[in-house]
Amino acid sequence: MDAILLFSFGGPEGPDDVIPFLQNVTAGRNIPPERLAVVGQHYGLFDGISPINGQNRDLIAALESELAEFGIDVPVYFGNRNWHPLLGDTLKAMADDGHRDIFALITSAFGSPSGCRQYRDDLDRATKALVAQGGPQLNITKSRLYWNHPGFIDASAARLTQALVGAPSDPAPDRLVFTAHSVPSAWTTTSPYLDQLKAAATELATRCAPQLQWDLVFQSRSGPPSMPWLEPDICDHLQDLHDQGVQHPVVFPIGFVSDHMEVVFDLDTEAAAAAKNLGLTFTRVPTVGTHPLFVSGL
């Protein structure tokens with residue numbers, strides 16, 4: 001291995017980027033422009049800037065520091081699926097710099113078609129395109145799914161413990177709620193996504209708050225209403241918790257590696273507003289991000 005590729009989803013970094021970015025994300029799916037405009041309004045709340053690229057640059061800096069500490073002189077490059085720096089451009093730059101044996105670190109811990117297979121397919125297409133353009137053949141090894149790696153689990157446990165300790169005590173936390181990106185229900189028959197999420201949630205709940213009941217719920221659904229997706233949705237679930245007498249849910253987006261748009265909007269904006277309307281005290285746990293245990297695990 002002579003180079004590392006941090007490969008992520010990508011996000012807009014200004015108002016003019018939002019619609020082109022969303023067009024990239026939804027390419028080939030016949031999404032009407034009106035729908036893209038509605039989703040674009042979410043980004044408008046944050047000046048058209050998704051946190052994801054900045055957070056990934058922070059992760060790269062942390063990785064570079066960690067590598068240097070162990071005397072490992074391997075450069076880390078940054079490429080995205082849907083926005084600049086785009087994967088194809090990054091692979092060309094890596095090839096131009098003389099790199100041929102590349103380790104691809106994906107910013108997705110759990111296994112699903114969108115969180116694993118699509119990244120594999122993108123890597124395959126991009127390397128073939130590079131060769132078709134007269135470039136060299138690159139040998140790319142993708143990182144394994146790290147949902148159960150001690151670096152991810154220990155960092156998650158540290159984040160959750162810190163949030164529980166720092167949470168308001170009146171009323172005290174009385175339910176753990178783990179969230180992940182919803183996917184079509186049919187995917188669970190061919191991918192380990194749901195089983196992995198349940199196993200990670202069980203481990204964290206047992207380790208950090210064995211006295212609390214916990215739930216696994218979903219967020220960020222994007223499919224048509226006619227297609228079954230994993231449920232319940234976080235906002236619907238908050239209503240159910242209220243009806244059960246829960247007063248202070250602690251919400252941990254276990255399915256996400258960083259606090260990007262689907263966390264800061266779907267949880268910190270929409271779910272937090274729903275909780276406030278219901279009179280619930282709402283604590284949201286940070287994702288692993290650049291936690292030292294996560295970085296050293298990677």
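Which residue stands opposite Val250 in β7? In this predicted model, the residue opposite Val250 is Leu176. Val250 is a member of strand β7, one of the four strands of an open sheet with the order β6-β5-β7-β8 and parallel pairing. This briefing covers that sheet, the nonpolar core, the β1–β2 pair, a pocket, and some details of the backbone.

**Four-stranded sheet**

- Two strands form the edges of the sheet, β6 (214–219) and β8 (283–284), and each of them pairs on one side only.
- Strands β5 and β7 run parallel and are joined by four bridges.
- On the other pairing of β7 (residues 249–252), two bridges link this strand to β8, again in the parallel sense.
- Within that pairing, Val251 has Arg284 of β8 as its bridge partner.
- Helix α6 (residues 150–166) packs on the sheet, where it touches β5 (175–181), β7 and β8. The direction of α6 makes about 155° with that of β7.

**Strand β7 and Val250**

- The residues of β7 point in two directions: Pro249 and Val251 go one way, Val250 and Phe252 the other, and all are buried.
- Val250 has a relative accessible area of 1%, and because the cut-off for a buried residue is under 20%, Val250 counts as buried.
- Apart from residues up to four places away in sequence, Val250 touches Leu160, Leu164, Pro173, Arg175, Leu176, Val177, Thr283 and Val285.
- Between Val250 and Tyr146 the separation is 104 residues in sequence and 24 Å in space, taken from C-alpha to C-alpha.

**Nonpolar core**

- The largest nonpolar core has 48 residues, of which Phe110, Leu160, Leu176 and Phe178 touch the most other members.
- Helix α7 (residues 193–208) gives this core its largest share, with eight residues.
- Leu160 is in contact with Leu176, Phe178, Leu204, Cys208, Val250, Phe252 and Val285, once its neighbours within four places in sequence are left aside.
- Leu160 and Leu176 thus appear among the residues that touch the most other core members, and both are also on the list of residues that Val250 touches.

**Strands β1 and β2**

- Strand β1 (residues 3–8) pairs with β2 in the parallel sense, over five bridges.
- In this pairing, Phe7 stands opposite Gly79 of β2.
- Strand β2 is mostly covered, with five of its five residues buried.
- The cover extends to both faces of β2: Val76, Phe78 and Asn80 are buried on one side, and Tyr77 and Gly79 are buried on the other.

**Second largest pocket**

- The volume of the second largest pocket is about 330 Å³.
- Its lining comprises 18 residues, and the closest to the centre of the pocket are Leu87, Asp121, Asp122, Arg125 and Ala126.
- Two elements, α4 (87–96) and α5 (113–132), give two or more residues to this lining.
- Helix α5 supplies the largest share of the lining, nine residues.

**Cis peptide bonds**

- His84 and Pro85 are joined by a cis peptide bond with omega of about 0°. Pro85 belongs to the loop between β2 (76–80) and α4.
- A cis peptide bond also joins Asp170 and Pro171, with omega of about 5°. Pro171 is placed in the loop between α6 and β5.

**Positive phi outside glycine**

- Asp47 is a residue other than glycine with a positive phi, near 60°. The loop between α2 (33–44) and α3 (52–69) contains Asp47.
- Is Asp47 buried or exposed? Asp47 is exposed, because its relative accessible area is 58% and the cut-off for exposed is over 50%.
- Ser220, also a residue other than glycine, has a positive phi near 65°. Ser220 lies in the loop that runs between β6 and α8 (234–244).
- Is Ser220 buried or exposed? Ser220 is buried, because its relative accessible area is 12% and the cut-off for buried is under 20%.

Definitions and conventions:
Residues numbered from 1 in each chain as written. Predicted model: local features only at pLDDT ≥ 70, side-chain atom pairs only at ≥ 80, totals over all residues. Heavy atoms only, no water. Pairing = 2+ DSSP bridges. Contact = heavy atoms within 4.5 Å. Axes fitted to C-alpha atoms, helices over the stretch in contact; angles between N-to-C directions. Core = buried A, V, L, I, M, F, W, Y, C linked by side-chain atoms within 4.5 Å. Buried < 20%, exposed > 50% of the residue type's maximum accessible area, 1.4 Å probe, protein only. 1 Å grid on protein atoms, 1.4 Å probe; cavity = no way out; pocket = protein on both sides within 12 Å on 5 of 7 lines; lining within 4 Å. Points joined across faces, edges and corners; volume = space filled by probe spheres on them.
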